[in-house]
Amino acid sequence: MTAQIIDGNALAKQVRAEAAGRTQALKARGIQPHLAILLVGDDPASQVYVKHKVADSEQTGLHAALERHPTTLPEADLLARIRALNDDPSVHGILVQLPLPRHMDSHKVIETISPAKDVDGFHVASAGALMVGQPGFWPCTPHGCLKMLDSIGYDLKGKHAVVIGRSNIVGKPMAMMLLGRDATVTICHSRTRDLKAMTLQADVVVAAVGKRNVLTKDMVKPGAVVIDVGMNRNDEGKLCGDVDFEGVKEVAGWITPVPGGVGPMTRAMLLINTLQAAERASV
Ligand code: NAP
């Protein structure tokens, strides 16, 4: 079997078109959706990420205001700036690009963002809302993965989904989203004794580890759907995921590539969360 590819670029394009339509509808009501992006320091990867976030927003008609702050910015000043943005009704979403400089407590910074503007979905209130099935903001990466499953019409009800990785921003929220769709969910991590025994039972595998070849051909049930969240570099320095794509695609039914899979969907879901914030603020 050769797996069908779930094309993240093509799907993200559709999501961006949906976002552009919703932006137009808000503008017709006199509302300019507005995302504030705070970048502290000069981490090279972060610079690239925020550049893409601003470009995606502007293309969609959303206003993205990027604020750059020096690495030396005192934490108290960042918190004060976030509070000012919380109080500004023209700002709908606030995103603090991570990682922050060492002298800052990321948790404290994220918790300072108003839950109503937490478009990254990292606030404890957002995590809690997801846990209990209440409206909130879902973190963009797992939300994008769920959209990818929806795009192939995959019915998760009663299926066994194995999530490899248990971070607060990917693995755990992914598991909650899959559970919310009536899948049976197993979460694996670095202490899991026999990962292969778990993944071989899975109808859906989501790999969110950050290590190459965590999932190989011999670990996948024929026909399974494989979602690769990982972002790593191969020996040639090229971007690759956690999944041995060439091997696994011979066994899986569906597979997401890296690049061109989860990455573009993560970016697209940020637009959707920002629009959701603007729409909620305007009712
Ligand atoms: P993380 O916080 O480092 O979490 C990695 C998880 O993998 C941990 O739960 C860890 O277990 C588990 N793990 C490590 N080695 C393992 C092994 N050999 N077998 C099974 N589990 C293992 O990473 P993250 O932030 O969730 O990100 C994961 C990957 O996704 C990274 O490559 C990241 O760059 C990528 N990512 C991509 C996007 C995107 O837009 N495409 C967005 C976010 C993240 P323990 O908990 O036991 O340590």
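User: Which helix gives the most to the shell around the ligand?

Analyst: Helix H10, residues 262-281, does, with 3 residues. Keep in mind that this model is predicted.

User: What makes the pair between Ser190 and the ligand a polar contact?

Analyst: The cut-off is 3.5 Å between N or O atoms. A polar side-chain atom of Ser190 lies 2.5 Å from an oxygen atom of the ligand. That is within 3.5 Å, so the pair counts.

User: Why do Lys211 and Thr266 count as well?

Analyst: A polar side-chain atom of Lys211 lies 2.9 Å from a nitrogen atom of the ligand. For Thr266, a side-chain N or O atom is 2.9 Å from an oxygen atom of the ligand. Both values are within 3.5 Å, so both pairs are polar contacts.

User: How much of the ligand does the protein bury?

Analyst: Alone, the ligand exposes 930 Å², and the protein buries 70% of that.

User: Which classes make up the shell around the ligand?

Analyst: There are 8 nonpolar, 9 polar and 2 charged residues.

User: How do you know that S2 and S4 pair?

Analyst: Pairing needs at least two bridges. Strand S2, residues 34-40, is joined to S4 by 4 bridges, so the two strands pair. They run parallel. One bridge links Leu38 to Val96 in S4.

User: Why are S3 and S4 called edge strands?

Analyst: The open sheet has the order S3-S2-S4. S3 (63-69) and S4 (93-96) each pair on one side only, so they are the edges.

User: What packs on this sheet?

Analyst: Helix H3, residues 75-87, does, touching S2, S3 and S4. The direction of H3 makes about 180° with that of S2.

Note on methods:
Residues numbered from 1 in each chain as written. Predicted model: local features only at pLDDT ≥ 70, side-chain atom pairs only at ≥ 80, totals over all residues. Heavy atoms only, no water. Polar contact = N/O pair within 3.5 Å; in protein donor to acceptor, adjacent residues only side chain to side chain. Areas by Shrake-Rupley, 256 points an atom, 1.4 Å probe, with all protein chains shown as cover. Nonpolar A, V, L, I, M, F, W, Y, C, P; charged D, E, K, R; others polar. Contact = heavy atoms within 4.5 Å. Axes fitted to C-alpha atoms, helices over the stretch in contact; angles between N-to-C directions.
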